[in-house]
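Biologist: I am new to this structure and would like a close look at a single part of it. Please start with one helix, and then work outwards to whatever surrounds it.

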Amino acid sequence: MSEPKTIIEKVWEQKIVHEEEGKPDLIYIDLHLVHEVTSPQAFEGLRMTNRQVRRPDLTFATMDHNVPTKDRDTIKDPISKKQMEALEKNCKEFGVPLADMFHPDQGIVHVIGPQLGLTQPGKTIVCGDSHTSTHGAFGAIAFGIGTSEVEHVLATQTIWQAKPKTLNVRVDGELGQGVTAKDLILAVIAKYGVRMGNGHIIEYTGDAIRKMSMEERMTICNMSIEAGARAGLISPDETTVEFLRGKRHVPKGEEFDELAEEWLALATDEGATYDKTLSIQAEEIEPQVTWGTNPGMGVPVSSSTPTIADVDNKEEVKLALEYMGLEEAQPMTSIEVDHVFIGSCTNSRLNDLKKAASIIKGKKVKDSVRAIVVPGSFLVKMQAEEEGLDEVFKEAGFEWRDAGCSMCLGMNDDIVPPGGRCASTSNRNFEGRQGNGARTHLVSPEMAAAAAIEGHFVDVRNYEKTAI
Amino acid sequence: MEAIKQHKGLVYPMNRTNVDTDQIIPKQFLKRIERTGFGRFLFYHWRFDDDGNKRSSFNLNDPKYDDASILIAGDNFGCGSSREHAPWSILDYGFRVLIAPSFADIFYNNSFKNGLVPIAVDEAQVNEWLEKAENGNLHLNVDLETKKITDDSGVEISFDIPEYHRQNVMNGWDDIALTLQLAEKISEYEKSSL
């Protein structure tokens with residue numbers, strides 16, 4: 001029998017177009033996702049060198065970063081408008097399929113790839129966006145690239161990549177009631193730091209991962225980049241296959257069954273080894289809240305901000321607390337928020353919205369809080385409306401918006417004002433991320449929903465829920 | 001991109017770890033569709049207050065660093081987003097070389113693609129240079145051919161960067177043109193594997 005291999009090695013070997021001593025491998029790209037922010041200079045580069053898009057059929061574009069989430073017909077910012085018009089023009093000129101902001105397939109690029117079935121196990125997927133790691137949930141090698149690489153992939157459908165090291169993040173046991181995939185990934189990053197994954201592709205393994213739905217797996221893989229890893233993935237299993245069955249871009253009938261067999265065979269072999277293994281016990285994990293200015297600065301909701309005397313990185317902690325307007329050793333539940341954002345490529349899928357809705361149903365958003373929900377795609381929005389979730393949110397006092405990246409990074413009008421404090425289901429709590437001077441606390445959808453009602457962080461494990 | 005074989009320059013010290021791409025170039029400046037002109041937005045909210053005035057508390061605003069072309073920083077420089085606007089803004093501001101104990105993966109790649117050279121150097125040496133550069137008079141000589149950095153006081157260290165990137169930046173090669181020499185292999189792959 002051949003040597004046991006990880007899924008990372010199996011997929012990598014299949015994609016090598018050219019290898020040469022002393023050089024990275026030239027890897028074929030099966031799916032190239034494009035959005036308006038990181039592509040204009042790449043298309044311009046093609047134009048200047050008189051090059052074409054090699055495989056428009058393996059390329060798919062949408063608008064997500066800049067799009068307004070209400071009153072879509074009037075884009076106030078002329079530069080945003082210009083950027084979206086540039087994408088439209090580029091896609092037309094180079095023959096790339098585009099779901100523009102009025103198209104029923106529009107949404108955050110990492111939400112629509114899976115929902116259309118474009119994302120599949122064993123594919124190499126790139127996008128000029130660091131959260132491309134999301135697609136790894138399906139057992140794809142998916143990673144973010146810069147604009148020069150976007151141009152390279154457009155022109156050649158390949159990319160030069162050194163074979164990455166492998167990192168196994170093993171999660172044994174079972175998550176407690178009220179503890180979510182978001183809490184798990186935040187806890188992992190808090191435990192091992194924001195550069196634990198530098199130079200590696202992560203594979204998430206263990207019982208707790210196996211039990212997760214595809215949506216939860218996407219939340220985990222999405223934040224791989226926050227741990228420093230360009231890509232994070234999960235071996236495909238029956239959950240993966242069932243999610244993809246019937247999706248528009250996967251084959252039907254027998255052809256699907258054959259493909260599913262191939263997908264399942266990609267899973268990491270028993271006894272395969274990794275360059276590094278880190279583990280965490282699921283039962284140890286509580287609902288998390290970040291207190292600082294990078295995603296590794298997080299703690300359980302039942303605890304407090306750090307005490308500077310107790311930490312090694314004193315200067316970093318001091319600067320972060322100062323920016324966040326927090327005291328040291330301050331209980332997390334004492335922190336009051338004035339904004340709540342439920343959305344982003346991390347947590348904007350149907351089940352995220354359902355879980356948040358189960359917390360707020362029959363309650364009211366605190367007067368001092370502005371709360372918005374931004375579904376990840378038009379489709380998610382439609383499905384949520386079919387289930388009446390929009391009414392639950394609106395009755396509670398949430399704004400119900402159209403799909404886009406929105407307040408995760410505030411490139412459109414959805415901004416947290418200077419000094420504002422936001423409980424956010426997004427992925428980055430960097431300084432100014434949600435608006436200049438804005439303070440971001442990363443949490444799960446349930447934790448964000450409860451913070452909207454109470455006006456401060458609470459432990460959702462002890463919080464009343466209503467079945468949806 | 002402009003080829004770079006050797007570079008001597010004044011050092012600017014940024015004594016922070018985990019400097020993320022959102023600080024390097026805030027999101028409101030990502031809407032432009034050009035590659036140039038991003039230098040004035042570099043570290044925007046650290047350099048300028050809400051009224052657009054320079055913050056005197058931020059050391060890059062100190063005139064003694066006006067001619068700096070080598071940026072030295074703490075661990076994990078460039079973490080976060082894949083925005084290539086980050087290296088574009090650093091280059092456009094006037095830096096050619098970055099030195100830190102480590103860099104985030106995507107940022108590291110993006111830098112080389114533009115002829116901005118990120119060099120990983122061990123933490124003790126970085127800390128020594130961070131401190132020395134405080135006086136605004138530390139110059140380093142970075143030689144990509146010999147893979148050595150020397151400072152004014154005679155300290156000399158060796159460094160390593162991936163050979164592929166080294167050749168590309170030293171020759172100012174167009175990545176895509178090189179790959180297209182392999183177009184036949186790509187076609188063969190497509191025939192046999194897709």
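Modeller: In this predicted model, helix α4 of chain B, which runs over residues 105-113, has 9 of its 9 residues buried, so the helix is largely enclosed by the rest of the structure. Reading along α4(B), the buried residues are B:D105, B:I106, B:F107, B:Y108 and B:N109, followed by B:N110, B:S111, B:F112 and B:K113. Just after α4(B) comes B:G115, whose phi is positive, at about 80°.

The chain that holds this helix can be described next. Chain B contains 8 helices and 7 strands. Its radius of gyration is 18 Å, which is close to the 16 Å that the globule rule gives for 194 residues, so chain B is as compact as a globular protein of that length. Along the principal axes, the C-alpha trace of chain B spans about 60 × 45 × 25 Å. Of the 194 residues in chain B, 59% count as buried, and among the contacts in chain B with a separation of 6 or more, 65% are made by residues 24 or more positions apart.

From chain B we can move to its contact with chain A. To this contact chain A contributes 65 residues and chain B contributes 52 residues. Between them the two chains bury about 4,700 Å², and 53% of that area is on carbon and sulfur atoms. Between chain A and chain B there are 37 residue pairs in polar contact, counting pairs in which both residues are at pLDDT 80 or more. On the side of chain A that touches chain B, at least two residues each come from α1 (7-15), β1 (16-18), β2 (25-28), α2 (40-49), α3 (78-94), α5 (147-156), β8 (158-161) and α11 (314-324) of chain A. It is α5(A) that gives the most to this side of chain A, with 7 residues. Sorted by kind, the residues on the side of chain A that touches chain B comprise 19 nonpolar, 29 polar and 17 charged.

Charged side chains also meet across this boundary, where the interface of chain A and chain B holds 7 salt bridges. In one salt bridge between the chains, B:D75 pairs with A:R195, and their closest N and O atoms are 2.3 Å apart. There is also a network of salt bridges that links A:R54, A:R55 and A:D57 with B:E190.

Over all chains the count of salt bridges comes to 44, and some of those inside chain A deserve a closer look. A:E149 forms a salt bridge with A:R230, with 3.6 Å between the closest N and O atoms. This pair links distant parts of the chain, since A:E149 sits in helix α5 of chain A while A:R230 sits in the loop between α8 (214-222) and β11 (231-233) of chain A, 81 residues apart. Both A:E149 and A:R230 are buried.

A:E216 and A:K355 also meet through their side chains in a salt bridge, at 3.4 Å from N to O. Here too the pair links distant parts of the chain, with A:E216 in helix α8 of chain A and A:K355 in helix α12 (residues 350-360) of chain A, 139 residues apart. A:E216 is partly exposed, at a relative accessible area of 22%, and A:K355 is partly exposed as well, at 29%.

A further salt bridge joins A:D414 and A:R401, whose closest N and O atoms are 3.0 Å apart. A:D414 and A:R401 both lie in the loop between β17 (399-400) and β18 (421-424) of chain A, so the pair ties together parts that are 13 residues apart in sequence. A:D414 is buried, with a relative accessible area of 4%, and A:R401 is buried with a relative accessible area of 3%.

A last stop in chain A is A:S444, found in the loop between β19 (439-442) and α15 (445-454) of chain A. A:S444 counts as buried, at 0% relative accessibility. Leaving aside residues up to four places away in sequence, A:S444 touches A:T180, A:K182, A:D183 and A:T425.

Methods: Residues are numbered from 1 along each chain as its sequence is written. Chains are lettered from A and ligands numbered from 1 in the order in which they are written. This is a predicted model: local features need pLDDT of at least 70, side-chain atom pairs count only at pLDDT 80 or more; totals for chains, interfaces and linings use all residues. Side-chain values use heavy atoms; hydrogens and water are left out. Contact means heavy atoms within 4.5 Å. Buried area is the accessible area (1.4 Å probe) that two parts lose on being put together, summed over both. A salt bridge is a side-chain nitrogen of Lys or Arg within 4 Å of a carboxyl oxygen of Asp or Glu. A polar contact is a pair of N or O atoms within 3.5 Å; within protein, one must be able to donate a hydrogen and the other to accept it, and residues adjacent in sequence count only if both atoms are side-chain atoms. Helices (H or I, at least four residues) and strands (E, at least two) are DSSP runs, numbered from the N terminus. Ala, Val, Leu, Ile, Met, Phe, Trp, Tyr, Cys and Pro count as nonpolar, Asp, Glu, Lys and Arg as charged, and the others, Gly among them, as polar. The radius of gyration is taken over C-alpha atoms; the globule rule is 2.2 Å times the number of residues to the power 0.38. Buried means under 20% relative accessible area, exposed over 50%, partly exposed in between (1.4 Å probe, protein chains only).
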